[in-house]
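User: Could you walk me through reading a sheet and a cavity in a model like this one? I'd like the general idea, then the case at hand.

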Amino acid sequence: MAPKSFLPACLLAFTLQIFFFPPVSFSVSLLSNSNESSSMEGLIKLEVGCVNHPEDVSIVVSKGAVYTATRDGWVKYIILHNETLVNWKHVDSQSLLGLTATKDGDVIMCDNEKVRNIINSQALIIVHGLLKVSEEGVKVIVPNVSFANDVIEASDGTLYFTVSSTKYTPADFYKDMAEGNPYGQLLKYDPKSNQTTVLQEGFYFANGIALSKDEDFVVVCESWKFRCRRYWLKGDRNGTLDTFAENLPGGPDNINLAPDGSFWIALIKMNQTGVTAIQNCSEKWELLDAYPGLISLLLPMGSDGGARVVKVDGIDGKIIRDFNDPNATYISFVTSAVEFEGNLYLASLQSYFIGKLPLDAPNPELATI
């Protein structure tokens with residue numbers, strides 16, 4: 001335990017390292033063929049006040065609707081042709097994270113709510129894991145998986161999903177960041193055998209997941225490393241892992257396949273230098289206990305957090321399009337972006353609406369660099 005007199009000195013050194021050795025700025029673009037990022041001016045706010053901090057969005061094409069899950073346990077969707085909100089199903093949970101639409105028009109989602117069950121006359125605390133939400137109701141399909149974060153369905157019904165941390169809970173995610181060890185996993189669920197398999201371990205906070213257009217690989221967002229990694233499902237590289245996109249100008253959160261085979265990635269504003277500094281600090285836990293406000297320096301999640309979404313090439317992961325709202329003028333802390341019929345639909349854990357950003361609007365006021 002560090003003496004109390006040592007902690008202010010440690011805090012000063014930590015703060016100086018952040019401000020005198022700044023990271024790649026959230027407002028600096030790393031476009032492969034341009035140094036410009038587009039503003040989010042023109043963003044339309046759908047159902048303001050009716051959507052409580054949505055973390056992810058997914059499109060059910062057959063219904064022409066965008067689905068989301070909220071902090072108050074609702075699975076809701078917006079019928080896009082008339083922008084009508086439907087409160088579809090309620091889940092007794094406040095910890096709904098990533099979701100995906102299935103080929104049958106149902107929704108699979110990650111839930112980390114702890115529940116008390118009686119099994120063989122014993123009271124057991126379990127975590128939901130993966131839920132299936134359909135017209136018939138809500139069903140747990142992969143129980144007792146802690147910190148499941150995002151999920152995607154393949155054409156054969158197989159589910160691929162991420163576990164962000166096998167050590168920490170969602171409430172303690174910042175401890176995973178501070179420790180800086182790879183506790184994340186990529187898992188596979190086979191609905192035919194009802195078996196769940198760990199495909200790959202060793203991710204630094206495995207977050208969003210997306211399947212390639214040809215379903216030959218999945219991309220896993222690795223938030224604390226500012227990169228995405230690719231796990232091959234077919235071909236000569238089947239079962240191997242490589243880097244897909246790196247040195248991203250923010251921590252990748254959710255990722256979604258675009259219609260043209262590229263990917264949209266929502267980026268979390270983080271201070272990369274500060275994250276490295278806290279991970280290397282031998283007194284990190286004492287420092288965070290004494291100065292909990294440090295987390296907001298590393299990961300600003302409020303109105304000053306900004307918002308950024310990039311589109312990356314489906315082959316080499318290079319940034320090919322960039323939307324940036326560094327001062328959160330229109331939306332803050334975007335955690336997911338999905339493209340449908342010429343618009344980008346945005347979810348944010350800091351908002352009470354779904355954002356709709358026209359992709360071909362003649363806007364282009366450039367974001368502040």
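Analyst: Sure. Start with strand order and direction. This is a predicted model, and in it four strands make an open sheet, ordered β3-β4-β5-β6, with antiparallel pairing.

User: Which strands stand at the edges, and why is one side of each left without a neighbour?

Analyst: Look for strands with a single partner. Here those are β3 (57-60) and β6 (84-90), so each has one side with no neighbour in the sheet. As for how the strands sit against each other, neighbours in this sheet are turned by 25° on average, if you ignore direction.

User: How many bridges join β3 to β4?

Analyst: Four, and the two strands run antiparallel. For one facing pair, take V57, which stands opposite T68 in β4.

User: Now the cavity. How many of 30 Å³ or more does the structure hold?

Analyst: Just one. The space in the largest cavity comes to about 40 Å³.

User: Which residues line the largest cavity?

Analyst: Read the lining as a list first, then map it back onto the strands. The list is V51, V57, V66, Y67, T68, K76, Y77, I78, L85 and I354. So you meet the facing pair again: V57 and T68 are both among the lining residues.

User: Which strands each supply at least two residues of that lining?

Analyst: β4 (65-69) and β5 (74-79) do.

User: And how do the lining residues divide into nonpolar, polar and charged?

Analyst: Eight are nonpolar, one is polar and one is charged.

Terms used. Residues numbered from 1 in each chain as written. Predicted model: local features only at pLDDT ≥ 70, side-chain atom pairs only at ≥ 80, totals over all residues. Heavy atoms only, no water. 1 Å grid on protein atoms, 1.4 Å probe; cavity = no way out; pocket = protein on both sides within 12 Å on 5 of 7 lines; lining within 4 Å. Points joined across faces, edges and corners; volume = space filled by probe spheres on them. Nonpolar A, V, L, I, M, F, W, Y, C, P; charged D, E, K, R; others polar. Pairing = 2+ DSSP bridges. Axes fitted to C-alpha atoms, helices over the stretch in contact; angles between N-to-C directions.
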